[in-house]
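Biologist: I'm new to this one. Could you walk me through how to read it?

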Amino acid sequence: MSNPCLKCPTDQSCCRELHGLKVNDAEFKQLFEGKSEHLTVLQKGKLYEISSHGSGPCPHWDQQCQVYGKRPMDCDLYPYTMGNVFEGEGEVYATYHSRTECPLTAELLGPREAAEALIRNFLKDTYGEHCKITVRYDEGAARIYHLARRAAAKAKRLMFADKP
Ligand code: SF4
Ligand code: SF4
C-alpha cells in the first residue's frame, strides 16, 4: 500500500506531533496500549484521545508510519478529522471536519461520502451494529479555521510590508 504522505512538505508533521488522535478500544489495544508511557490518554466514553508527551511523535513514526496498513481510522480519514462525538442511549452523534494543517489537503481530501462511510463503519465497530449513528460535516469548524488562516496570512503580509 503506497503512502502519499512520503512526499509531505512538512516532513509528516501530523505524525511527528501527535495530538488528539481518536481511537476505539480495539485500535488502542492493538497499537497503543504497550506504548502508554510516552502518551497522554484521555478516555471519553468508548473512545480514547491520544497525544504524545510534549507534542512529540506518534510511537509508530520512524521517518514514516510503521503501521501504515493497519493505522487507526482517524489517521486513514486525514486530512478530514473526527470532531465531537456524543454518546446517548443506543445512539451516537459524531462530527468531522477538514480543519487541518495538511499542505496536501487539495490532493488528499476525498469526497465527504467516503469519509462518512469510513466514520460510520468505525462507529459501528465501536458502538455495535444496532446503535443509531448520525455523522455530520462541521461547516462551522471548517469556516472558522479557514478564516483564522486567512487572517494570519494577512497579518503576516502586513508585517513584512512594513519592513524597509
Ligand atoms: S496527512 Fe498531510 S500533513 Fe499529514 S503527513 Fe500526510 S501530507 Fe503531511
Ligand atoms: S499511526 Fe501512523 S499514520 Fe497514525 S499518527 Fe501514528 S505514525 Fe501517523
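Biologist: Let's start with α5: which of its residues are buried?

Modeller: Keep in mind that this is a predicted model. A residue counts as buried under 20% relative accessible area and as exposed over 50%. In α5, that makes A115, I119, F122, L123, T126 and Y127 buried. They share one side of the helix, because the arc they cover around the axis is only 110 degrees. Turn to the other side of α5 and you find E113 and D125 exposed.

Biologist: How far apart are the end C-alpha atoms of α5?

Modeller: Start from the rule of 1.5 Å a residue: for the 16 residues of α5 (residues 112-127) the span should be 22 Å, and the ends are indeed 22 Å apart, so the two agree. Just past the helix, G128 has a positive phi of about 105 degrees.

Biologist: Now the sheet. What is the order of its strands?

Modeller: Read across an open sheet of 3 strands and you get β1-β3-β2, paired antiparallel. β1 (21-24) and β2 (39-44) are the edge strands; each has a single partner, so one side of each lacks a neighbour in the sheet. On average, neighbouring strands are turned by 30 degrees against each other, ignoring direction.

Biologist: How many bridges join β2 to β3?

Modeller: There are 6, linking β2 to the antiparallel strand β3 (residues 47-52). Across that pair, V41 sits opposite I50 in β3.

Biologist: And which strands does α5 touch?

Modeller: α5 packs on the sheet against β1 and β3, its direction at about 50 degrees to that of β1. Helix α2 (residues 25-32) lies across β1, β2 and β3, at about 105 degrees to β1.

How values were computed:
Residues numbered from 1 in each chain as written. Chains lettered and ligands numbered in written order. Predicted model: local features only at pLDDT ≥ 70, side-chain atom pairs only at ≥ 80, totals over all residues. Heavy atoms only, no water. Helix = DSSP H or I, 4+ residues; strand = E, 2+ residues; numbered from the N terminus. Expected span 1.5 Å × (residues − 1). Buried < 20%, exposed > 50% of the residue type's maximum accessible area, 1.4 Å probe, protein only. Arc of directions from axis to C-beta. Pairing = 2+ DSSP bridges. Axes fitted to C-alpha atoms, helices over the stretch in contact; angles between N-to-C directions. Contact = heavy atoms within 4.5 Å.
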